[in-house]
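Work through the following exercises with the sequence and the model open side by side. Each task is followed by a solution that proceeds step by step.

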Amino acid sequence: MLYIKCPHCGLRPQTEFSYGGDATVKRPELNKEVSDQEWDNFVYLRKSPRGKHLELWQHISGCRQWIKVERDTLTHEIFTTLKANENL
Amino acid sequence: MSENFRLEKGGLINRNRKISFTFNGKKYFGYEGDTLASALLANGVHLVGRSFKYHRPRGFFGAGVDEPYAIVQMNRNNEVDPNVRATEQELFEGLEAKSVNCWPNVNFDIGAINNFLNKFFPAGFYYKTFMWPKSFWYKIYEPIIRKAAGFGAASIKHDKERYEHKYEYCDLLIVGTGPSGLASAYAAAKNGAKIILAEDKSRYGGSLLTSEVTIGNQSGQDWAEQIISELKSMPNVILKNRSQVFGYYDHNMLVMSERVSDHLPKTDKYTPKQRLWYIRAKEAVISCGSIERPLVFGNNDTPGVMLSSAAKEYLKVYGVLVGKKPIIFTNNDSGYETAIEFKKNGVDPIVLDTRKDANSEIIKEAKELNINIKFSYVVVAAKGYKKVNSADIAKISDDKKVISNIENIKCDCICVSGFWTPTIHLASQSGNKTKFNKEIDAFVPSHSKQKEVTLGSANGVFTLEETLKTSFEKGSELSKQITNKENKVPIPTVVEKKSSKHDKFWCVPLPEGKNYKRFLDFQNDVAVADIQLALREGYRSIEHVKRYTTLGMATDQGKTSNLNGLQLVSEVENKVVPQVGHTTFRPPYTPVSIGAIVGREVGKHSKPTRKSPMHHWHEKNNAVFVDAGVWLRPRYYKRGNENLFEASKREAKNVRQNVGVCDVTTLGKIDIKGPDVAEFLNRVYTNAWLKLPVGKARYGVMLREDGIVMDDGTTTRISENHYHMTTTTAQAANVLSHLEYYLQLVWPELNVNVVSSTEQWAGAAIAGPKSRDVLQKLFPDLNVSNEGLPFMGYKEGNLFGVYAKIFRISFSGELAYEVNVESGHGNFMWEKIMEIGKEFNIQPYGTEALSTLRIEMGHVAGSELDGRTIPYDNSLEGLVSKKKDFIGKRSLSKKAYVAADRQKVVGIVPLDKKTSIPEGSYIVKDPKAKLPNPKLGHVSASCWSVEYDNPFSLAIIKDGKNMIGQKLYALSPLRNKSIPVEIVSSHYVDPKGERVRS
Ligand SMILES: [Zn+2]
């Protein structure tokens, strides 16, 4: 079970969080024309890297904030955690 | 039966307390402090089971967690406990155990015929033998294998025992209470660190309980006792015996299984049988020692052949002789320690040492005691079927290839020592890249990946002096880093006998013309020849050899077999052991009961149960409840002998004719505030929200980005910047997370706050043509006329002194209102509604009537919004704005979503107007078409229309728009039904929606 440092609450067990996928995906802006390919990339297509991955988690049983976690998908090592408005 | 093998005195058992127990139906007695194994051995019982594959007789091989044979089935506390290691099970009064893997019994075992047919059971025999013909598998092979093989039988009853989970945090978790565990714990505890110290046995002390050493001015055992009693008195130390740390997981989470009550005849009330500890440790100290390695020779699985360390433990801890005519077969000095113990207790052992010669303090002591020692000698084969009665022994050449001078000598046990294997399981599980230590012919931990250190013999350190020194130092160093305190404790002086070097020899060659089975894996019956065969057949990777031969795959996970298996593979392959590598160590180190893993989350406790504030009223009024997500909701209110069908029909009819009231507390509610709420809702919902006036509600549909409907509900503008959103019961939590996602990550510039208020409000839906009359009486001062409170209007009112929110919204399709009051007043509100509604024939209605009402009105709900449908499919396309952008809009232009024959919700009615259509049925053109019958869609919801008094269902079918009027079939192969149906509009009742506006 992972031990995740919520930037708002501190170290908490994984059971308090829910996973939210790749944190680097950007939603196309509202009212902007987007191609089918661009839209599919946003909705469906995700990389599945072996190694470092910046991902979203929500502290659902805590502060309810969405946070960013940089984690090694192979070893589960967590390098850093960020608030929603912070970037690497 | 009297105990023939118990010494007059000695051991750590309580001789003042006799305990009687039964094994295989026969009565025996032992003493308090015995294990089942030691008590049986004291009674001379060696035959305890049959082996897995060949059903050969099996006895005791070890004295603890490494035991591969003595697996028994227990009856305790009226529960069955399969696969219990007799070497770990403590004796209690009335204990009942029996052998496993024997049919019909341990003395006459039908499966033993496999032993004589063993050429048909080579490596990979499951893969080879039972391949053909395929049809034989289910009917013949599998049932026979199942009956004849396998260990204990699990109970098929519900386990009434209680199991618990516990979460702990500590600075140091120390696994094992031998010298390294005690020393590191003591040093760390003195530095003020919070410590958990775990011992898998009932007694603390590990190897100190059986070794002849002096620490300071005390015996090793007394020193251990003193350290333990000091640790017990320290508030920063949690000391746990009968607790096995079996798994090392990510981020220094270790899991430990505590056998809280297994050593007692009964589990006390409010006490668990077992407790699972999830321990997050800043540092893990692995000090769980080492396990003696077997030597491999012919028939080395015969009862009476056991580890020399186990024989010593039975002697020193339990005062039990495992035999009176022992052979000690050893390649190192450890065997001599056992020989000396025998000799001191009046038994004459013979020591067969594979080494040409060796000298050390221990050997010198053995010689001085006149113990018969034969160097360059081996056991070729054990003789005897159910028990060793003699051994063929022989001289072995210096190059260990040739045996000569074979002679048979009488004996009643053979104690083997093939040196020691460090227990590296936990270190390896943590990700430690282990390395091979040639000095000890075994793997030891090397580079740590997590916060973990291995000490003592688990780290390949076999002298007490070095173990204590490094453990005191490490315990002090690790704790100091955490507590910033240092209380130096002096490292005591040690007196121990020095050992000479062990011999690398481990497997005795077969004598000419003999074909003895030489076992490597005792639990899974894997012999030397099996590994050789696997290698001949081309298996190379040790992982493949393991799976093909099942080496190390039994419940003991190869604790005694792994290294010898590796030695053999490396010998045959002409490689060195580190090149072959070891197989992956995976948790659990020892078997963990399913009960302990599940813990308290059983039955009703598997999820929380939520009840509305009106729950007691429902109970008192004969409600029959149904699980709705985590909520309990009234399904119907039973009157007299009514069944579900009759009651729900009555309730629904009363809503259509008079007025009904339904508990809608469970609906998700989200309170939304901020200047940008309208803009936010406009992006979240598919329809327009910018112009919703204060005091008005609006129905909305929200999508996921992939265009699939996520949820629907109404949102009401309470005041300028304050909104009240409702969601479906099931999606409440997801919708909140969804909103938070967009507010926190995608549009942080929007000034909006959301918070769940589901539990803050109790809700009652008052529905039916007479609902306005009821509402008027509840709120006499309010203008609730169609003009005063129009459809989708909102008002606040005073319900006999209680603040109430009144929404004119309808799920039933009738004139209806939803009244919300703070949860604490829910019951008051409900009783008032019932009291006032009496004159209008009000009746409560449950979820079944609620479903009926919405289905015949064609209102879509969870069964249509099932995570696979878009707004069009649900006839909600009118709510999709063409002008503005919103979440998921771009997806709606996908090709499949705009196809001309896109699926759509329709109504279906059976042609006979009588046959109910099962939900989940599928719609086909021709019920007799060849399989697979092309499917047009499926029935999502069914009811008995109270308006028309016939069955009515909703279905989602291909090209639903153009199917109205068609005659098709609803097929339910599960119920063997084929029902002719007509497709009609989904809006079966009041298609123009006039009632809700009346
Ligand atoms: Zn948090």
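Four donors count as tetrahedral if all angles lie between 85 and 135 degrees; four count as square planar and six as octahedral if opposite donors are over 155 degrees apart and all others between 65 and 115, and anything else is irregular. Donors themselves are N, O and S atoms within 2.8 Å of the metal (3.2 Å for Na, K and Ca), and since water is not among the atoms, sites may look incomplete. The model is predicted, so local features need pLDDT of at least 70 and side-chain atom pairs count only at pLDDT 80 or more, whereas totals for chains, interfaces and linings use all residues. Residues are numbered from 1 along each chain as its sequence is written, chains are lettered from A and ligands numbered from 1 in the order in which they are written, and side-chain values use heavy atoms, with hydrogens and water left out.

**Exercise 1. The zinc site**

Determine which protein atoms are donors of the zinc ion, and classify their arrangement.

Step 1: the donors are the SG atoms of A:Cys6, A:Cys9 and A:Cys63 together with ND1 of A:His59, lying 2.0 to 2.3 Å from the zinc ion. Step 2: the angles subtended by the four donor atoms are 105 to 114°, which makes the arrangement tetrahedral. For comparison, the ideal angle for four tetrahedral donors is 109.5 degrees. Step 3: along the sequence, the donor residues follow the spacing C-x2-C-x49-H-x3-C. A:Cys9 lies in the loop between β1 (3-6) and β2 (10-13) of chain A and A:Cys63 in the loop between β4 (52-58) and β5 (66-72) of chain A, so the pair ties together parts that are 54 residues apart in sequence. Here helices (H or I, at least four residues) and strands (E, at least two) are DSSP runs, numbered from the N terminus. Step 4: with buried meaning under 20% relative accessible area, exposed over 50% and partly exposed in between (1.4 Å probe, protein chains only), A:Cys9 is partly exposed at 28%, and A:Cys63 is partly exposed at 24%.

**Exercise 2. A six-stranded sheet and its helix**

Establish the strand order of the open sheet of six strands in chain B, and find which helix packs on this sheet.

Step 1: the order is β41-β42-β43-β40-β34-β44 (chain B), with mixed pairing, where two strands pair if DSSP finds at least two bridges between them. Step 2: β41 (794-799) and β44 (842-844) of chain B are the edge strands, each pairing on one side only. Step 3: neighbouring strands of this sheet are turned by 25° against each other on average, direction ignored; axes are lines fitted to C-alpha atoms, for helices over the stretch in contact, and angles run from 0 to 180 degrees between N-to-C directions. Step 4: inside the sheet, β34 (residues 659-663) and β40 (residues 761-767) of chain B pair in the antiparallel sense over four bridges, and B:Cys662 has B:Ala765 in β40(B) as its bridge partner. Step 5: helix α21 (residues 771-778) of chain B packs on the sheet, touching β34, β40, β41, β42 (802-807) and β43 (816-822) of chain B, and its direction makes about 30° with that of β43(B). Contact means heavy atoms within 4.5 Å.

**Exercise 3. A hairpin with a parallel neighbour**

Describe how β1(B) pairs with β2(B) and with β7(B).

Step 1: β1 (residues 14-23) and β2 (residues 26-32) of chain B pair in the antiparallel sense over seven bridges, with B:Ile19 having B:Gly30 as its bridge partner. Step 2: two residues stand between the strands of this hairpin, and B:Asn24 takes a positive phi near 50°. Step 3: β1(B) and β7 (residues 95-99) of chain B run parallel and are joined by three bridges, and the bridge partner of B:Phe23 in β7(B) is B:Ala97.

**Exercise 4. Backbone details in loops**

Locate the cis peptide bonds that precede B:Pro588 and B:Pro932, and place B:Asn841 and B:Asn976.

Step 1: the bond from B:Pro587 to B:Pro588 is cis, with omega near 0°, and B:Pro588 belongs to the loop between α15 (577-580) and α16 (594-598) of chain B. Step 2: B:Leu931 and B:Pro932 are joined by a cis peptide bond with omega of about -5°, and B:Pro932 sits in the loop between β46 (922-924) and β47 (937-945) of chain B. Step 3: B:Asn841, although not a glycine, has a positive phi of about 60°; its place is in the loop between α22 (826-837) and β44 of chain B. Step 4: B:Asn976 is not a glycine either and has a positive phi of about 55°, in the loop between β49 (967-972) and β50 (977-984) of chain B. Step 5: B:Asn841 is partly exposed at 43% relative accessible area, whereas B:Asn976 counts as exposed at 72%.
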